Amino acid sequence: MAEAHQAVAFQFTVTPEGLDFHLSREAVRQLYLTGVSSWKKRLVQAKNSFLTGVYPASPSSWMVIVMATTGSFYCHVDPSLGMIARIRHCLPESRVLGGEGRTLLSSALFASGVWLVAALVARQALRLLLCYHGWMFEPHGRASRATRIWVVLMKVLSIRKPLLYSFQTSLPKLPVPSVEATVTRYLESVRPLLDDEKYGKMEALAKEFKEQTAPRLQKYLILKSWWTTNYVSDWWEQYVYLRSRSPLMVNSNYYAMDFLYVTPSPIQAARAGNAVHAMLLYRRKLDRGELPPLMALGLVPMCSQQSERMFNTTRIPGIQTDTLLHLLDSKHLAVYHKGRFYKLWLYHGGQLLRPPDLQLQFQRILDDPSDPQPGEERLAALTAGERVPWAEARARFFSSGRNKRSLDAIERAAFFLALDEEEQGREPGEPGCMDAYAKSLLHGRCYDRWFDKSFTLVVYKNGKLGANAEHSWADAPIVGHLWEFMLATDKFELGYTAEGNCRGDPDTRLAPPQRLQWDIPPEGCAAIEASLRLARALAQDVDFCCFAFERFGKGLIKRCRTSPDAFIQIALQLAHFRDKGCFCLTYEASMTRLFREGRTETVRSCTSESTAFVRSMADPRQTRAQRQRLFKVAAEKHQQMYRLAMTGAGIDRHLFCLYVVSRYLGVQSPFLAQVLAEPWRLSTSQTPQQQLKLFDLNQFPELVSSGGGFGPVADDGYGVSYIIAGENLITFHISSKFSSPETDSQRFGKNIRQAMLDIAELFDTPPQK
């Protein structure tokens, strides 16, 4: 086989005359080209590191200063006030440099010093400007003088086009709120959920904590904030994610969907080829820092640190805690189809495989008639079960030999690809279609997704796409950014032929994907089956309702003169009250990426203001004007809380870190114990659209995204994700558990629809069906 000979650089045999070498020129050529590609990548990364390090200065500005300083001598002007002469005097004697050469070198050294000082001053000024968040709290369209001056200075200092990490070292640190402010806001958040007696007890616990326990804990936390880049993120990753021993599937991982109405190609291998190639183009831009940083208002940069571990990353199970394995590069992909695992090389001759080449490779996998090896088909169920059994099985059965080599091929892959045998998402308007699509992406068959990989790309038989993402390395907006780029590149740049194939002719000389080999003993198969039983019980308990709300979108909501997010959050409170007859502690995810290494903060959406509005909707004595006023107050309160969370004045991350410090010090706090034990029975999140320029929904209204979702956080609660796509569409993803008699995702979905219409009717005539 020609492909096999190209897989090694040389062969040799022992003869009576000595060793007989047989070099493969093609293999040596491939090795050479791969090495050249690797060195090019290193040089690009070194260049970008330098450009990022001196931002907002640039090499061209250095050149201007050097030329101006040097040229001034020919005009008999000394801008250095004698410093150049002093530098010239300190230079060692050299036969190479004459008098004029020493003067030019001294001028260049002086100019470089001036340029470096100016760059450092500009960076410090930029950091101080980024500490200003007053713009966020001002009414839309009515900026204060301070904000207008701030905008001008920001534009001047960031006039040069930034790279992805240009602002990283200029971003401010996340501030530690005062205990007084945090406790006050906490008590305010639980007031609508507690009767007078329970609130009085909580108030007493809070007072005791604030006066006796908190001061000592706060000192340690402030010390940590000085010492570390972000006082929350490392503990959040470690204790909330990596030390959790529960299954990742359903409990932690989340999913992303394809276009809602469009499937660019119905051919599975072709869609996989374009999608994988687009993702690898994104990875190349990410490695080179060529992606622009995400900017609020087009002016304020957000932290890009989470993007570093998007590819080549796997969560490794441990007995007490998991770890994240991240490689600087990976040149292959791990693929799963019909119970078989494959290793697919992504480069040939130092170049990325083109979409038609990838389509050919995936089609070879789809056409492979071989059967799974013993234990291979359901192997990934180990990643779907509890972490301790998986860690023990990994150490016992996959730590050496063939199994270790094959497991390494999966864990060290760029990402994981599942070529699914099912068809999903074909008719989004058909009852149950989107629900099944969501469940398939969240847990699949419990053994056809590698839940430990940073993300698993799922390509269905009918060409639909989806992804399942692990949560510890980054939050959903990071995966969402990749997902938007991939969909846009697939649709507008790569495209397909009229038959649905990738454009171009494949290279049929490519070696086929390598089938991974396993030698799993009966005890290993038993461990796999045990994890699968637990995972199936968990998956079968998930109740999903996923639907597109098409009656109106942010267009009508903005006419109500409120933010779309506040509108939906208040509608969720109304829907929950109608669903359960009570209010509950509500989690809405907000980001803190305005700060360096920031991740998320909690917005406690159930407020006294929102509950007052909800009650008014159930009170026939309330007039329309009164309900409008209460809604406005509730919406403004929600927006204020969201702004506080984004600017580092949230409640929950501060209390979480105080609790971690208390555990380190061995301090018992009844207040913190009760705070962290409270269940989030309504957990919500908005899927943001971050790259609006990629999709012109006015020109292509069918290219709306379906968004994504997650599993229920509480056994008797709901998980709700929503995406506001375009002017007239909001897609909801609702999850709960069948085992809870208090929840029903379909019922809650109907309540959300009705709540949205009822609130819209207060301000405008609802759109006709």
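Is Gln 351 buried or exposed at 52% relative accessibility? Gln 351 counts as exposed, because its relative accessibility of 52% is over the 50% cut-off. The legends below describe close-up views of a predicted model.

**View 1. Gln 351 in strand 11.** Gln 351 belongs to strand 11, which spans residues 351-352. Trp 450 lies 99 residues from Gln 351 in sequence. The C-alpha atoms of Gln 351 and Trp 450 are 27 Å apart in space.

**View 2. The open sheet of six strands.** The strand order is 16-22-21-19-17-18, and the pairing is mixed. Strand 16 (542-549) and strand 18 (600-604) are the edge strands, each pairing on one side only. From one strand to the next, the twist averages 20°. Helix 18 (residues 564-580) packs on this sheet and touches strand 17 (586-591), strand 19 (682-686), strand 21 and strand 22. The direction of helix 18 makes about 150° with that of strand 21.

**View 3. Strand 21 beside strand 22.** Strand 21 covers residues 718-724 and strand 22 covers residues 730-737. Six bridges link strand 21 and strand 22, which pair in the antiparallel sense. One of the positions to look for is Ile 723, whose bridge partner in strand 22 is Thr 731.

**View 4. Strand 17 between strand 19 and strand 18.** In the strand order of the sheet, strand 17 stands between strand 19 and strand 18. Strand 17 and strand 19 run parallel and are joined by three bridges. Here Thr 586 stands opposite Leu 682 of strand 19. Strand 17 and strand 18 run antiparallel, with five bridges joining them. On this side Ser 590 stands opposite Glu 601 of strand 18. Strand 17 is largely enclosed by the rest of the structure, because five of its six residues are buried.

**View 5. Surroundings of Thr 743.** Thr 743 is located in the loop between strand 22 and helix 23 (745-763). Its relative accessibility is 8%, so Thr 743 counts as buried, the cut-off being under 20%. The side chain of Thr 743 reaches the backbone oxygen of Lys 737 at 3.3 Å. Leaving aside residues up to four places away in sequence, Thr 743 touches Lys 580, Asp 716, Gly 717, Tyr 718, Ser 736 and Lys 737. Among these contacts, Lys 580 falls within the residue range of helix 18. Tyr 718 falls within strand 21, and Ser 736 and Lys 737 fall within strand 22.

**View 6. Helix 10 crossing helix 15.** Helix 10 (residues 268-288) and helix 15 (residues 476-494) have axes that come within 9 Å and cross at roughly 120°. The two helices are therefore oblique to each other, since the crossing angle falls outside the range of 65 to 115 degrees that counts as roughly perpendicular and is not over 145. Helix 10 passes helix 15 in a right-handed crossing. On helix 10, the contact involves Arg 271, Asn 274, Ala 275, His 277, Ala 278, Met 279, Leu 281, Tyr 282 and Lys 285. Helix 15 contributes His 481, Leu 482, Trp 483, Phe 485, Met 486, Leu 487, Thr 489, Asp 490 and Leu 494.

**View 7. Arg 142 in a loop.** Arg 142 lies between helix 5 (99-130) and helix 6 (145-157). With 60% relative accessibility, Arg 142 counts as exposed. Glu 427 is 285 residues from Arg 142 along the chain, and their C-alpha atoms are separated by 45 Å.

Methods: Residues are numbered from 1 along each chain as its sequence is written. This is a predicted model: local features need pLDDT of at least 70, side-chain atom pairs count only at pLDDT 80 or more; totals for chains, interfaces and linings use all residues. Side-chain values use heavy atoms; hydrogens and water are left out. Two strands pair if DSSP finds at least two bridges between them. Helices (H or I, at least four residues) and strands (E, at least two) are DSSP runs, numbered from the N terminus. Axes are lines fitted to C-alpha atoms, for helices over the stretch in contact, and angles run from 0 to 180 degrees between N-to-C directions. Contact means heavy atoms within 4.5 Å. Buried means under 20% relative accessible area, exposed over 50%, partly exposed in between (1.4 Å probe, protein chains only). A polar contact is a pair of N or O atoms within 3.5 Å; within protein, one must be able to donate a hydrogen and the other to accept it, and residues adjacent in sequence count only if both atoms are side-chain atoms. Angles under 35 degrees count as roughly parallel, over 145 as roughly antiparallel, 65 to 115 as roughly perpendicular and the rest as oblique. A crossing is left-handed if the near helix is turned anticlockwise from the far one by less than a right angle, and right-handed if clockwise.
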